[in-house]
Structure formats: C-alpha cells, structure tokens
Amino acid sequence: MSETIENTNAWGGGGRPYNASYGKLMMWFFLITDALTFSGFLAAYGFSRFKFQDVWPVAEDVFTHFPFMHGDHPLLFVALMTFILIMSSVTMVLAVNYGHKMEKEKVILWLSLTIVGGAIFLGSQAWEWSHFIHGLDGVHATLVSNPYGHPLFADYFFFITGFHGFHVFSGVIILIVILINVIKGTYEKRGHYEMVEKVGLYWHFVDLVWVFVFTFFYLV
Amino acid sequence: MANETKGNWWIWKVFWILLAITTVEVVLGMIKPEFLMGQFLGTKLINHVFIILTLVKAAYIVLQFMHLGHEKKSLKWTILLPALILIPYLLFIVLTEGGYSYMMM
C-alpha cells in the first residue's frame, strides 16, 4: 500500500483507513453483532427477572456444589470457571504476542495451553449443567419446570450458558485448526501470525461474555 | 505494534487486575456485607458495585487483551459506539417494561 494513496484520500479505496487488515475488521464486526445478540439475551433475562421478581430463584441457592466437596459452597465453582477462562485468555495473549515475534515454538506452547483451558471450562460447564438438571429431591430441571422456582429461570440458564458454551466449543475447534496450521508452518511461510491474532480476538470475546454472564446470572 | 517491544509484563499486570476484581466480586457475593444491602436506584447497592466492577473488567479485556486501546481512534470508536449506545438503550427500555409488567400482574 503506497503512502500517497493513504494520505490523499483515505476513503478512496485501495487504502487502509482503519490501519487494520480486512480479516481483522470483519472479525470485529462479527463480534459487535455477537455482543448485541448476547445483550439481547441478558436483557430478556432481566425483563423476566423484573417481571417475576417475587418468585425468581436466587442463583446462590441453586448453584452451591463443588466437585469432591460436601456441603454448600455458593459461587465457588463458578468462580473457578471464571478463573480458568481468564487464565486461558492470558495464555491466548501470550500466543499472539509470540506470534508477533515469529517464535513458532512458543506460539505452539501457549496456543496448546489455551485449548486445554477451553476444554477444562467446557468440562466444568457440563458438570454444572448435570448438577442443575439433576435438581432437588428427585425433581429434575427441564425446559417446562424446575424445582428451584420460575420455569423461565431454567430456560434462560440453558439458553444463555448453552449459547456461550457453544461459543467456547467453536473456539476450541478453531484454535485446534489454527494450532495445526502453526505446527505445519503455514504462518511461518506466510510471514505473519495474524490468524492467531484473529482467533485471539474471538477467544477474548468469549471470555468477555462470560464476565457478564457471571455477573448477571450468578452475582446480581 | 507497540507491544512487540513491550514484552510480556503488561499481560501479567492485566491478569492480576482481572483476578483481583473477580476475587473481590466473589468475596462480596459470599459475605454480603450489611452496609451494601440497602436499596439504591431500583436495586441493592451491592449490585451497583458488581456492575461497576464488571465494566472495569470488560474494559481491561477489550482495550488491553483485544488490543482495541492501541488501534486507530476511528476503528476504536466504530467498534465501541454501537455497543455503548444500543446496549444501555435496550436495557433501559426492556427493564422499564419488566418493572411495569410486574406492577400490572
């Protein structure tokens, strides 16, 4: 891209007015739409909660279990899940950072750890779901009824954490594909690791959504 | 990229900030201090604290981890403005309606 084009008419085509590549811009635009989708879900959750505030279950009374521990431990397990996702975000930035420096071995290391983090998170979510579905005193949680309170509570739980979990699942698949490419040396040949950066944007977004789900489903 | 020369220390700095905020949130959620249980602007005071802390976390993730803070100004606002305008608007409308539906039941 010649300097003159960008300086004379940034929007005339052929230039990069945002100073970002096509792929990165498209990832950002996708993430905005996805952010609005999740906002819609959480706003709908807020609506139902305001409307049925007298009979809405308190999340701390519903999610109180922790693997291999007895008794009530509200928030502990979900705090661990949050920590795992934040940690996998950190390993992702490290992979991106080493991608900038073209250090293939380090990218492989940190990308692999990110995948492990995502897999552990998915396992934790499966555990959380099975406990939730198992219910109380032999009454299971389904889409039409649950022992915790208003039926909509279970619907939103399945829908919002399920949609987020599906994002994590897709993220893990994409990360594996990218990791294979890194190992094969595809980006080494290409001369840059921008693909790692793009999947990194997606991965951080998944972490970002979880931060909000954590607050509005478990804390507030 | 400014970060190419910056090394990794900033990543760990953000990590510790995110971890500290999450810890504060979890501890507050567990002990529920009495002085934060009063009502303020339609909900408990503690919920305002949670929401503010969450927005701080979100800002660190988007601006640092997603690098948006270091992108061109025009790109930064193209991404942020739709979210900053539409989401509060949506929440205001939908939650107001939710409160009204409750009163009408």
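A: Before reading this predicted model, fix one cut-off: a residue counts as exposed if 12 or fewer other C-beta atoms lie within 10 Å of its own, and as buried if 20 or more do.

Q: With that cut-off in hand, how many C-beta neighbours does Lys32(B) have inside 10 Å, and is the residue buried or exposed?

A: Lys32(B) has 12 C-beta neighbours inside 10 Å, and because 12 or fewer is the limit, this residue counts as exposed. Its place in the chain is the loop between helix 1 (9-31) and strand 1 (39-40) of chain B, and its backbone carries a positive phi of about 45° although Lys32(B) is not a glycine.

Q: Which residue of chain A has a positive phi of about 45° although it is not a glycine?

A: That residue is Asp137(A), with a positive phi of about 45°. Asp137(A) sits in the loop between helix 5 (104-134) and helix 6 (151-184) of chain A, and since 5 other C-beta atoms lie within 10 Å of its own, Asp137(A) is exposed as well.

Q: Moving from single residues to a whole chain, what share of the 105 residues in chain B is buried?

A: Buried residues account for 19% of the 105 residues in chain B. The overall dimensions can be read beside that share: the radius of gyration of chain B is 18 Å, where a compact globule of 105 residues would have one near 13 Å, and the C-alpha atoms fill a box of roughly 60 × 35 × 15 Å along the principal axes.

Q: In what order do the elements of chain B run from the N terminus on?

A: The order is α-β-β-α-α, which corresponds to three helices and two strands in chain B.

Q: How many residues does each chain bring to the contact?

A: Chain A contributes 37 residues and chain B contributes 41 residues. On the side of chain A that touches chain B, helix 2 (22-51), helix 4 (76-100) and helix 8 (194-219) of chain A each supply at least two residues. Sorted by class, that side of chain A has 24 nonpolar, 10 polar and three charged residues.

Q: What scores accompany the model as a whole, and what pLDDT does chain B average?

A: The model has an ipTM of 0.91 and a pTM of 0.91. For chain B, the average pLDDT is 90, and 94% of the residues score at least 70.

Key: Residues are numbered from 1 along each chain as its sequence is written. Chains are lettered from A and ligands numbered from 1 in the order in which they are written. This is a predicted model: local features need pLDDT of at least 70, side-chain atom pairs count only at pLDDT 80 or more; totals for chains, interfaces and linings use all residues. pLDDT is the predictor's confidence in each residue, from 0 to 100. Helices (H or I, at least four residues) and strands (E, at least two) are DSSP runs, numbered from the N terminus. Two residues are in contact if their C-beta atoms, placed from the backbone, lie within 7 Å. Ala, Val, Leu, Ile, Met, Phe, Trp, Tyr, Cys and Pro count as nonpolar, Asp, Glu, Lys and Arg as charged, and the others, Gly among them, as polar. The radius of gyration is taken over C-alpha atoms; the globule rule is 2.2 Å times the number of residues to the power 0.38.
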